Each structure stands twice: as C-alpha cells, then as structure tokens.
Amino acid sequence: MTDPSPPPGTPAKIVLSGVRKQFGAKVVLEGLDLEVGRSESLVVIGGSGTGKSVMLKCILGLLRPESGSIRVDGEETIHYSRGDRERLLRKFGMLFQGSALFDSLRVWENVAFGLIQGRAMPRRQARELAFAKLAAVGLGADVGELAPSELSGGMQKRVALARAIATEPEIIFFDEPTTGLDPIMADVINELIVKCVKELGVTALSITHDMASARKIADRIAMIYQGRIIWHGSRDDMEHSGNPFVDQFINGRAEGPIRMQVRAL
Amino acid sequence: MDFLAAIGRAFLIFLESTGRIVLFALRALSHCARPPLYLRLIGRQMIDIGYYSLPVVGLTALFTGMVLALQSYTGFARFQAEGAVATVVVLAITRELGPVLAGLMVAGRIGAAMAAEIGTMRVTEQIDALSTLATNPLKYLVVPRLIAGLTMLPLLVLVADIVGVFGGFLVSVYQLNFNPAVYLSKTWEFLKVVDVVSGLVKASVFGFFVALMGCYHGYHSRGGAEGVGTATTNAVVSASILILLSNYLITGLFFSK
C-alpha cells in the first residue's frame, strides 16, 4: 500500500483521515484516508457497494461519519453547525448520478437555482447567467424553457453539469457522471468535465466504475475497496500498478482477489 | 413469551417514530421563525391546498349537510322534535363534521400528494441536490407546506360550514317543507361563536398534521418507487388517525364540563 498523498508541492484541498461510517452493523467506510490536491482531478474507482457514494456524502455533510476527520481548506468540518455547513457548501458543486434535476422547475431555473436561492441573485441576472452556462455545455436557449422531463438522459446530464458549475464552486463532485449514457454521449460528458475543470481551475473529485471515463478525466486515480483506499497513483501508473486488486478492476476480470458479493449480507 | 416480545417491540417502534416525528416537527417549526421565508413557494402551496381543494371539500360538505337534515328529521319525527333539525345541522357541521370531513378529504388529496412528491425527490437525490446548492431542504420544502396547511384549512372549513348549512337548508325547505325564514332563524338561534371557532381551531391543527405527515413520510422514504408508495400510504393513514385523535382531545378542551 502506498501513502495516500497528492503530488508534492500541491497544497491539499480536501483531507480525509480515518473516516469511519457504518449503517447498523454494516461497516461501509473503515478508516478511509484520502487527500485531494488543489486544482487536481482525482477519480476514485471501485465496485458497487464499496462506499464511494457514502464517502462523497460524508464530505458534503449529508451523512455524518462515526469517527475520523474531514478537513476542507485545512478546516475540520465534522462537527460543523448547520450555519457553518451551509457556508461550506457554497464551495461545492455536485453532479448527481441520476442528474437530480428539480422536475417542478424549468431547465434554466434549475441551472440558476444556486444563484437565486443560495446567493440571492436577482432572477433576471441569474437567468442570463444560466443561459450562458447552458451554452457552455452545448445546449441552446430553446432548451432553457423546457421541463427537465422533456430532455433525454444525456441532455439532463448536461443541464446537471451546467447547474453544478453555475455558482463557480471551488470543488466539484462527479458521482458516476457517465452511468446510463451511451458511449458517445459518455465521452461528450467526459470532455465537458475536462473542459470545465481546466477552465475553472476547480478541484474535482469523481467516483466511477467506468474506466474509460476515469482514464479521460483523472489526473490521479485512487481505488477504494471494502471501505479503504487500497491504491492510488497517477493515471499512467495505474496501468502497471502491480496491485492485483487494481489490475483485476481496470481490466474487468471476474477472476482475481476481489470477490463479488453475490448474495446479500 | 414471543407474543409479549412482539407487543413490546411494536410499542418501542411506535415510541421511536413518535419521537422522530416530534423532532422533525420542532426542527421544521424552528425554521418557520428564521429568514429567509420562500413566499413564492408558500403562495403556491396555499393555492394548491386552499383553492384546488374547494370542489372536493364543498361537495363533501353539501351532501353531509343534506343527509344530516334528512336523517335528523326522520329520527326526531319519532318524538315530535322536528323543530330541532336546523339547530342539529348547524351545530354538527360547524363543531364536528365540517373540520373532520374537510381534514380527511384534504389528507387524502394533499397529504398523499406531498408524500409522493417529496418522496420522489428523496429517492432521486433531489433533496441532496438542494443541500449542495446551499438551500436548506426543510426550509424550502417543508416549511411552506406546514404554513399553508396551518392557514388554509380554517378557510376551507369556513366555506365547508356555509355550504354544509346550505345543504341542510335546501333539503329542509324543498323536501321537508320547512318555512325558510323559520329554518334560518332556528339556525342562528342557538349558534354560539365558540361553535364555529372551535371548528376552525380544529381545522388549523388538522391542516398542520396533514402537512406534517405528508412531509415527514415523504422526507424519510427509502428505496425507490415502492418506498414512495409506502410513504404515501403511511402519510394518509397517520394523518387520518391523528385527525380523529386530536379531534377528540380538542373537543374535550373546548366543551368539557
């Protein structure tokens, strides 16, 4: 196992150490350590049920870990009050797996939501910005007036991406950004993510089990298995990591040290 | 002994969920007092609960008033007390049937819709998305519904009272051949302010319970479409039970000797 720290010279933006989370008797995160450097794109790979989503939700404060430390910009956030939490969340944007667009609002209102509700920006101004963000992800002005349910999955993903970047956050989380998309649309989304991350200079933390996506958007890759980070390194190191778990996962083999949980616990 | 253990377990689960609901309600209420309040959302919920429930509540009240007149007339005729029909109709509607029936109808119409909408938002991660957009989901989703429930049900019940009494009037005058002027004066004769006010207080409490149960069960729904279905059922059933239970308690507060 290697020491989970970012490349030297990059100050860490998010530091998790010893994070432990369990639901009832089931331990999901078992002392997880992870560092995400400023302006780097870290992709956490891992199978279903290894605790990837739970990790993101712990950092956002949607779930509270039993123990451990989560620092953002050097500040410990585990015991934040609600007010501090809301202030912290202004730094974050998130692209949800199922897009999670508000279906009671039109597309542009979805994109402008964080600006209007979170930052109290006047509607007219937020609307203009929303259309600019929609254009940035390749969607025309006509889409802005539609309801989210009228869009295809790929377009919904783009809108969700526009919403995640609309408030110009410092950190963006991507939760399975390509799941449920065809390979071409998946690549379009990957390209958009790379473009947004580079242009905005944000810190990106993604979780995925899609290796094509991971290879495309990652500066650095970490692998999570049974609630711990078992390997991390640069994108190129991954191909010859010498770690049997990583090898099995990135090549998608059924045979190997990782045993799939076929039956429920 | 297994039998006793099962009773104990059920009782503990009951206490636990009661505690959860009370905490949920207190947290939501504390948000009512702190800015920002989403006035646009409160307005939309008020229209949904108040305006769009008018037909269903109005029809319920109309037929209840009509059947009440008919039933009490045929019942009272057995001991020559037909003159009490007007009084019975107005008291029963304002004190009891107006608020309870309106509450139950709204629980079916609004409570279910709230649980389904918020539940779907929960399982599709829209509630988590609200948090990441620096918006408190309790404040954005729950507070407007609670405020709308609390304020709109009394207005609905006021309408139900009037429509219900009118239903009784129609049947009495056109079917049972009462004199309209006498019927109306009888309606007013024994009616006190407290009869109507107690009904409106009940309505407010029922409206709060309907919204609270809809929001609570929706907010805590789990596991996809089936979870949302369960949440909807639970919202309607628990709201209905709370309405009937609190109806007895409030009646006791107002009219006990």
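**View 1. The largest nonpolar core of the predicted model and the residues with the most partners within the core.** In this predicted model, the largest nonpolar core holds 81 residues. Those that touch the most other members are L34(A), M55(A), F92(A), F173(A) and L205(A). Leaving aside residues up to four places away in sequence, F92(A) touches I14(A), I59(A), L60(A), V72(A), P169(A), I171(A) and F173(A), together with T132(B) from chain B. A second core, separate from this one, has 52 residues, including L95(A), A160(A), L181(A) and I193(A).

**View 2. Helix α1 of chain A, a mostly covered helix.** Helix α1(A) runs over residues 52-60, and eight of its nine residues are buried. The buried residues are K52(A), V54(A), M55(A), L56(A), K57(A), C58(A), I59(A) and L60(A). One of these, M55(A), is also among the residues that touch the most other members of the largest nonpolar core. Just beyond the helix, G61(A) adopts a positive phi of about 85°.

**View 3. The surroundings of E176(A).** E176(A) belongs to the loop of chain A that joins β7 (171-175) to α7 (183-200). Its relative accessible area is 5%, and because buried means under 20%, E176(A) counts as buried. Not counting residues up to four places away in sequence, E176(A) touches K52(A), Q97(A), K157(A), I207(A), T208(A) and H209(A). Of these partners, K52(A) is a buried residue of helix α1(A).

**View 4. The surroundings of Q156(A).** Q156(A) is part of helix α6 of chain A, which covers residues 153-166. With a relative accessible area of 21%, Q156(A) is partly exposed. When residues up to four places away in sequence are set aside, Q156(A) touches S99(A), L101(A), P148(A), S149(A) and L151(A). V107(A) lies 49 residues from Q156(A) along the chain, yet the C-alpha atoms of the two are separated by 8.9 Å.

**View 5. The interface between chain A and chain B.** Chain A contributes 24 residues to the contact and chain B contributes 19 residues. Between them the two chains bury about 1900 Å², of which 56% is on carbon and sulfur atoms. E125(B), T132(B) and L133(B) supply 32% of the area that chain B buries against chain A, more than any other three residues. T132(B) is also the chain B residue named among the contacts of F92(A).

**View 6. Chain B, a chain of helices.** Chain B contains nine helices and zero strands, and its pattern along the sequence reads α-α-α-α-α-α-α-α-α. The C-alpha trace of chain B spans about 65 × 55 × 35 Å along its principal axes. Of its 257 residues, 47% are buried. Among contacts in chain B with a separation of 6 or more, 85% are between residues 24 or more positions apart.

**View 7. The packing of helices α1 and α6 in chain B.** Helix α1(B), residues 2-32, packs against helix α6(B), residues 137-175, at an angle of about 90° and with the axes 9 Å apart. This angle makes α1(B) roughly perpendicular to α6(B). On the α1(B) side the contact is made by F24(B), R27(B), A28(B), H31(B) and C32(B), and on the α6(B) side by L138(B), K139(B), V142(B), V143(B), L146(B) and I147(B). By class, the residues of this contact are eight nonpolar, one polar and two charged.

Methods. Residues numbered from 1 in each chain as written. Chains lettered and ligands numbered in written order. Predicted model: local features only at pLDDT ≥ 70, side-chain atom pairs only at ≥ 80, totals over all residues. Heavy atoms only, no water. Axes fitted to C-alpha atoms, helices over the stretch in contact; angles between N-to-C directions. Helix = DSSP H or I, 4+ residues; strand = E, 2+ residues; numbered from the N terminus. Parallel < 35°, antiparallel > 145°, perpendicular 65-115°, else oblique. Contact = heavy atoms within 4.5 Å. Nonpolar A, V, L, I, M, F, W, Y, C, P; charged D, E, K, R; others polar. Core = buried A, V, L, I, M, F, W, Y, C linked by side-chain atoms within 4.5 Å. Buried < 20%, exposed > 50% of the residue type's maximum accessible area, 1.4 Å probe, protein only. Buried area = accessible area lost by both parts, 1.4 Å probe.
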